[in-house]
Structures are given as C-alpha cells and as structure tokens.
Amino acid sequence: MTVRRLSAGLVAVAFFTPGVAACTTTGDAGPSATPSATASATGAAPEVDTDAKQALMDSTREIRNGNFRFSMTGAGSVAEGQVHQPSQSAEIQVRLGESTDDLAISLDLIHAKPDSWVKLDLKGQAATSVPGADRLNLGKYHHLDQSRIQGNRSLGFDFDKVDPAGSEALTQAVTEVRRTGDGAYAGTLDLSKAADAGSLDPSVITALGPEAKAVPFTAKTDAQGRLTEMVIQLPEGSRPAGQEIRVTYSDYGNATEATKPSADQVVEAPPELYNLFD
C-alpha cells in the first residue's frame with residue numbers, strides 16, 4: 001500500500017485527500033445525504049433574500065475577533081480546537097480515520113506566536129508505510145520551522161485570518177438563501193467562489209465542475225446573530241458520495257490561551273514531517 005503525501009488544508013486533508021482516503025477507508029462509502037435545499041428546477045436564477053444573506057454575512061463578524069472554539073466534521077474525520085487572538089495562540093486537534101482503518105492519523109497542533117508545534121499519532125497496518133514513521137510517531141511535539149510552514153494550510157496558522165473553516169468566504173459565496181426559522185437558514189452556495197475556505201479542498205471544487213455552483217447548505221445563528229453552525233451537503237457525485245461537512249462555533253469570547261508543550265516533550269521536526277504535508 002502506498003501512502004501519499006498529505007496535501008491541502010488539515011480539514012481538506014481529513015475530508016477529501018485521495019491518498020488519505022485510500023488508506024483510512026474500510027470500504028464503506030458512507031450514507032448519502034439528502035440535500036435540504038436545491039436550486040430552481042426551472043433553471044431560472046433563484047430569488048435572493050437580501051436580508052437573510054446580509055444576516056449570514058454579518059454572522060461571521062465575531063469570528064474575526066479570534067476568540068472562539070470550533071469544530072469541523074466529515075467523512076469520519078474531525079477537526080476541533082480553539083483560537084485565542086488576545087494571546088496570539090491557537091490549538092487544533094485533527095483525527096483522520098477510525099482505529100479500525102488501515103491508517104488512522106491524529107494531529108495535535110499548538111500555535112503560540114512565534115512558535116508552532118505538532119504531535120502526530122499514526123496507527124493501523126499502514127502506519128509503518130508512512131515515510132519517516134519512526135521519526136514522526138514519537139509521542140512528542142515536533143517544533144516547526146516557521147519558514148517551512150508559512151502559507152502551509154496544513155501546518156501553519158495565520159493570525160490575520162483566524163478562522164480555520166473560512167466561513168466568511170462561505171457566506172460571501174451564498175447564491176440563494178431563505179430563513180427557515182428563528183436563527184435558521186437554508187440555501188445554496190457557489191463553492192467556486194469559496195476556494196480559499198479552509199474547510200474546502202480546491203481540487204474537489206474543480207472536480208465538482210458545474211455542480212459546485214449550486215451546493216445546498218443550512219446554517220444557524222445564536223441569539224446575538226453569531227454563526228453557530230454551517231452544514232454543506234456535497235452532491236451525490238462527489239467523493240465520498242453525498243458527503244456532509246459540518247462546521248460549528250461556540251464559546252465566543254471565552255476561549256483560553258493555548259498551553260505550550262514543556263521542553264522535555266519537544267523535538268525538532270524532521271524533514272519527513274514537512275515532506276508529508278507539502
């Protein structure tokens with residue numbers, strides 16, 4: 001079994017990267033999702049509820065302040081953590097695959113400007129096939145060279161763009177939306193306009209072709225109008241079929257400073273780690 005490099009962003013890696021999917025799959029494509037919103041059957045341009053769209057765009061303002069907890073789930077993988085802009089720190093945990101899969105990967109990322117660390121846990125029959133596994137699977141944090149991870153969607157973190165999921169880009173890509181209840185919305189997104197969102201792999205958007213222009217979504221906001229959930233339902237022709245991506249936000253203003261690993265738990269990252277995420 002060949003283990004390919006992990007590419008795109010952490011969440012995109014977890015949900016869409018073919019190399020990872022090939023090793024973490026158990027052969028079950030997963031249940032298909034039934035879209036909660038569809039484009040007009042007549043082909044006519046959908047009517048946009050401008051008030052609802054503006055409310056959704058406004059719902060991401062508090063995220064820009066960089067003080068929240070978040071989660072992203074899909075394809076049996078999870079990314080979750082917190083961002084604490086006041087201390088210029090963030091923590092992200094990513095789990096790719098299940099313990100019963102050929103390869104399951106866990107990453108524990110800590111950013112405390114100007115430093116970053118990542119701890120990897122590789123499990124499964126294919127774990128030893130990962131290049132440099134004996135140097136990666138140490139149970140310790142790898143201190144990362146900032147010059148090697150700048151701009152890297154998997155290992156880096158930009159405190160000028162603090163939302164790992166890129167929900168602002170997603171709400172700006174809304175093509176049709178309607179209110180379905182108090183703080184509840186449904187509509188469609190043009191994912192081709194949201195390629196910068198950390199929750200999406202640009203290669204998957206390209207693969208969707210014309211279908212990327214009308215992807216169903218639902219969203220929820222809290223009593224203060226802040227985004228708490230967005231669910232994107234990829235078309236049946238996507239990989240994996242009918243995959244649902246769920247992004248949540250909570251604890252606005254109540255995140256805490258990330259805890260740095262102690263010196264005895266840190267080693268310098270080997271070249272194999274950077275190669276894995278190039």
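This report walks through the aromatic pairs and nonpolar cores of a predicted model.

## Aromatic pairs

Let's start with the rings. Three aromatic pairs are found in the structure. In one of them, phenylalanine 68 meets tyrosine 249 edge-to-face, with 5.7 Å centre to centre and 70° between the planes. Phenylalanine 68 belongs to strand β1 (residues 67-74) and tyrosine 249 to strand β11 (residues 244-250), so this pair ties together parts that lie 181 residues apart in sequence.

Both partners are worth a look for their surroundings. Phenylalanine 68 is buried, at 0% relative accessibility, and tyrosine 249 is buried too, with a relative accessible area of 3%. Phe68 and Tyr249 also share one aromatic cluster with Phe70.

## The nonpolar cores

Tyr249 turns up again here: the largest nonpolar core has 62 residues, and Tyr249 is among those with the most contacts inside it, along with Leu144, Leu191 and Leu273. Strand β3 (residues 89-96) supplies the largest share of this core, four residues. A second, separate core has five residues, including Ile110, Ala112, Trp117 and Ala258. As background, nonpolar side chains tend to be buried together in soluble globular proteins.

## Around leucine 144 and tyrosine 274

Which residues is leucine 144 in contact with, leaving aside its neighbours within four places in sequence? They are Leu109, Ser116, Trp117, Val118, Ile149, Leu155, Ala269, Leu273 and Tyr274. Trp117, in that list, is a member of the second core, while Leu273 is one of the residues with the most contacts inside the largest core.

Tyrosine 274 has a charged partner as well: the charged end of arginine 148 sits over the tyrosine 274 ring, 4.2 Å from its centre.

Notes
Residues are numbered from 1 along each chain as its sequence is written. This is a predicted model: local features need pLDDT of at least 70, side-chain atom pairs count only at pLDDT 80 or more; totals for chains, interfaces and linings use all residues. Side-chain values use heavy atoms; hydrogens and water are left out. Rings of Phe, Tyr and Trp (its six-membered ring) pair if their centres lie within 6.5 Å; planes under 30 degrees apart count as stacked, over 60 as edge-to-face and the rest as tilted. Helices (H or I, at least four residues) and strands (E, at least two) are DSSP runs, numbered from the N terminus. Buried means under 20% relative accessible area, exposed over 50%, partly exposed in between (1.4 Å probe, protein chains only). A charge sits over a ring if NZ of Lys or CZ of Arg is within 6 Å of the ring centre and within 35 degrees of the ring normal. A nonpolar core is a set of buried Ala, Val, Leu, Ile, Met, Phe, Trp, Tyr and Cys residues joined through side-chain atoms within 4.5 Å. Contact means heavy atoms within 4.5 Å.
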